[in-house]
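Student: Hi, could you walk me through this one? I'd like to get my bearings before I go back to the bench.

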Amino acid sequence: MSDILLQLSGVHTHIGPYHILQGVDLSVPRAQLTMLLGRNGAGKSTTLRTIMGLWRASAGSITLEQTALTQLATADIALRGIAYVPENMGIFSDLSVRENMLLAARSGPINQQRLDWIFSLFPALQQFWQKPAGKLSGGQKQMVAISRAIIEKRKLYMFDEPSKGLAPVMVNSMISALRELKKEGATILLVEQNLAVAQALGDRVAVMDSGKIIHQGSMQEFSGNAALQQQLLGLNVGAHA
Ligand SMILES: Nc1ncnc2c1ncn2[C@@H]1O[C@H](COP(=O)(O)OP(=O)(O)O)[C@@H](O)[C@H]1O
Ligand SMILES: [Mg+2]
């Protein structure tokens, strides 16, 4: 029915002797924000890493539009138009914020209009522009990580728990930035454990448990159904801010 940008079908991932993803079926519709929820250890980060080819799927298919990703190298997957911010944010501590941004632009020099837009999303970025990224607070680092991911338009943006460990004011500024990104029709796959953040941003929701997707639907339906939330997320609902 809807236009699917990224599709995972029956994806299995083994890490060494461990069978982590056990048949993941996940649809990410175009121009929507899909929240990937689930308790600790459910397999959310492994799913994003498998999409990027950082872990190899041992079975199943992953397609971005018409392209099968499972046989491609990570660099080629990124070049197909996927921006990925891992849990550790993947920024270069020894480089300045400016240098981090320069490295993130793949197609040439940074577009000034795009940069001005990013400064409007994260005004504080300008204040620590020349500072080594390693000297920033966790929240400031997360701003740099998100800014790097959106410095050029991509088909798909994937963020792994960007709210983790952030002060509430930082979480709010991240939520507004992602709202602005949504306004350009961006397709986003966002891993979250914080249900408030999920509800503030999500159009769609997918819930993982034990290496499988156990529920997919609209965020509106999910938000209105406390029993379903309890059943799917158990005690982890709003576990950390
Ligand atoms: N490098 C690894 N080696 C062994 N097991 C791992 C590794 N990474 C993740 N796992 C295991 O895979 C499962 C899913 O982890 P993960 O995808 O990080 O979960 P989530 O992001 O949902 O918290 C967990 O049981 C975790 O212990
Ligand atoms: Mg994780």
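Tutor: Happy to! Keep in mind that this is a predicted model. Let's begin at the N-terminal end, where strand β1 (residues 4-15) pairs with β2 in the antiparallel sense over nine bridges.

Student: Nice. Which residue in β2 is the bridge partner of His 12?

Tutor: Gln 22 is the bridge partner of His 12.

Student: And how many residues sit between β1 and β2 in the hairpin?

Tutor: Two residues lie between them. Gly 16 is in that turn, and has a positive phi of about 55 degrees.

Student: OK, switching topics. What surrounds ligand 1?

Tutor: The shell contains Ile 15, Tyr 18 and Ile 20, then Gly 38, and then Asn 40, Gly 41, Ala 42, Gly 43, Lys 44, Ser 45 and Thr 46.

Student: How does that split by class around ligand 1?

Tutor: Four of the shell residues are nonpolar, six are polar and one is charged.

Student: Which elements each supply at least two residues of that shell?

Tutor: Those are β2 (18-29) and α1 (44-51). The largest share, three residues, comes from α1.

Student: Now the other sheet. What is the strand order in the open one with six strands?

Tutor: The order is β6-β7-β8-β3-β9-β10, with mixed pairing. β6 (82-85) and β10 (212-218) stand at the edges with a single partner strand each, so one side of each has no neighbour in the sheet. From one strand to the next, the twist averages 15 degrees.

Student: Where does α1 come in, then? Which strands does α1 touch?

Tutor: α1 packs on this sheet and touches β3, β6, β7 (156-160), β8 and β9 (204-209). The direction of α1 makes about 145 degrees with that of β7.

Student: Back to the strands: do β3 and β8 run parallel or antiparallel?

Tutor: Parallel. Four bridges join β3 (residues 33-37) to β8 (residues 187-191), and Met 35 in β3 has Leu 190 in β8 as its bridge partner.

Student: Let's zoom out. How many helices and strands does the chain have?

Tutor: The chain has nine helices and 10 strands. Its radius of gyration is 17 Å, close to the 18 Å given by the globule rule for 241 residues, so the chain is as compact as a globular protein of that length.

Student: What does the C-alpha trace span along its principal axes?

Tutor: About 45 × 40 × 35 Å.

Student: Last one: what percentage of the residues count as buried?

Tutor: Of the 241 residues, 40% count as buried. Also, among contacts with a separation of 6 or more, 70% are between residues 24 or more positions apart.

Conventions
Residues are numbered from 1 along each chain as its sequence is written. Chains are lettered from A and ligands numbered from 1 in the order in which they are written. This is a predicted model: local features need pLDDT of at least 70, side-chain atom pairs count only at pLDDT 80 or more; totals for chains, interfaces and linings use all residues. A residue is near a molecule or strand if its C-beta atom, placed from the backbone, lies within 6 Å of it. Ala, Val, Leu, Ile, Met, Phe, Trp, Tyr, Cys and Pro count as nonpolar, Asp, Glu, Lys and Arg as charged, and the others, Gly among them, as polar. Two strands pair if DSSP finds at least two bridges between them. Axes are lines fitted to C-alpha atoms, for helices over the stretch in contact, and angles run from 0 to 180 degrees between N-to-C directions. Two residues are in contact if their C-beta atoms, placed from the backbone, lie within 7 Å. The radius of gyration is taken over C-alpha atoms; the globule rule is 2.2 Å times the number of residues to the power 0.38. A residue is buried if 20 or more other C-beta atoms lie within 10 Å of its own, exposed if 12 or fewer, and partly exposed in between; C-beta atoms are placed from the backbone.
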